[in-house]
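Have the model open while you read, and follow the strands one sheet at a time. Here is a short guided report to go with it.

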Amino acid sequence: MRRGWLGLAAAALLLAGCGDSTPPITPPTPGTLTVSYQGTGASDGAMLLVVTGAVTSVEPVGGYRVASAPISGGAETRIVVTGDLVPGDLVRLAVPDISKADDYAANVEAVAHRATYALQDPLTYTASIRR
């Protein structure tokens, strides 16, 4: 009789485990984000940006030249964009999980004049990220 109760209890536990109501885990979906900027300079030639959020690669937009490096253990990426900069799109970022796009931010750290390399006031520039 004891064996029967143990078997019944084991079967009940197995059936209870089958009724799990937790939602399935959705795997991350890679995607692309675009960084653009607005600023006052008409003669900008270089810009240093810091992007917060994991980035797997950086591609230039519009013929700009780009160099990038992860910082803070990969939680941020430092990006240098050079060329005849005009307000608008600068780079495209490949990210590991596009569903976390709202967690990304871009900050203009430095801007240099195209001809003289004189530093411009970075507070007169803003960067934004969009899908």
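Let's begin with the sheet of four strands: an open sheet in the order β3-β6-β1-β9, with antiparallel pairing. At its edges stand β3 (57-60) and β9 (126-130), each with a single partner strand, so one side of each is left without a neighbour in the sheet. Direction ignored, neighbouring strands of this sheet are turned by 25° against each other on average. The axes behind that angle are lines fitted to C-alpha atoms (for helices over the stretch in contact), with angles running from 0 to 180 degrees between N-to-C directions. Strands here are DSSP runs of E with at least two residues, helices are runs of H or I with at least four, and both are numbered from the N terminus. Two strands pair if DSSP finds at least two bridges between them.

Before going on, a word on the source: this is a predicted model, in which local features need pLDDT of at least 70 and side-chain atom pairs count only at pLDDT 80 or more, while totals for chains, interfaces and linings use all residues. Residues are numbered from 1 along each chain as its sequence is written, and side-chain values use heavy atoms, with hydrogens and water left out.

Within this sheet, β1 (residues 31-38) and β6 (residues 88-95) pair in the antiparallel sense over 7 bridges. To find the register by eye, look for Y37, whose bridge partner in β6 is G88.

Now to the other sheet. Five strands form it, again open and with antiparallel pairing, in the order β4-β5-β2-β7-β8. Here β4 and β8 take the edge places with a single partner strand each, so one side of each is left without a neighbour in the sheet. Three of its pairings are listed below, each with one pair of opposite residues.

| Strand pair | Bridges | Opposite residues |
|---|---|---|
| β2 (residues 44-52) and β7 (residues 105-113), antiparallel | 8 bridges | L49 and V108 |
| β2 and β5, antiparallel | 7 bridges | M47 and V81 |
| β7 and β8 (residues 119-120), antiparallel | 2 bridges | V111 and Q120 |

The loops of this sheet deserve a look too. Most residues other than glycine have a negative phi, and most peptide bonds are trans. Which value does phi of S72 take? It is positive, near 55°. S72 lies in the loop between β4 (65-71) and β5 (76-82), and S72 is exposed, with a relative accessible area of 52%. Y117 also has a positive phi, near 65°, and sits in the hairpin of β7 and β8, which has 5 residues between the strands. At 64% relative accessibility, Y117 counts as exposed. (Exposed means over 50% relative accessible area, buried under 20%, and partly exposed in between, with a 1.4 Å probe and protein chains only.)

Finally, step back to the whole chain. It has 1 helix and 9 strands, and the helix comes at the N-terminal end of the order α-β-β-β-β-β-β-β-β-β. Buried residues make up 30% of the 131 residues. Among contacts (heavy atoms within 4.5 Å) with a separation of 6 or more, 73% join residues 24 or more positions apart. The accessible surface comes to about 8,400 Å², and carbon and sulfur atoms hold 59% of that surface. Accessible areas come from the Shrake-Rupley method with a 1.4 Å probe, and for residues only the protein chains shown count as cover.
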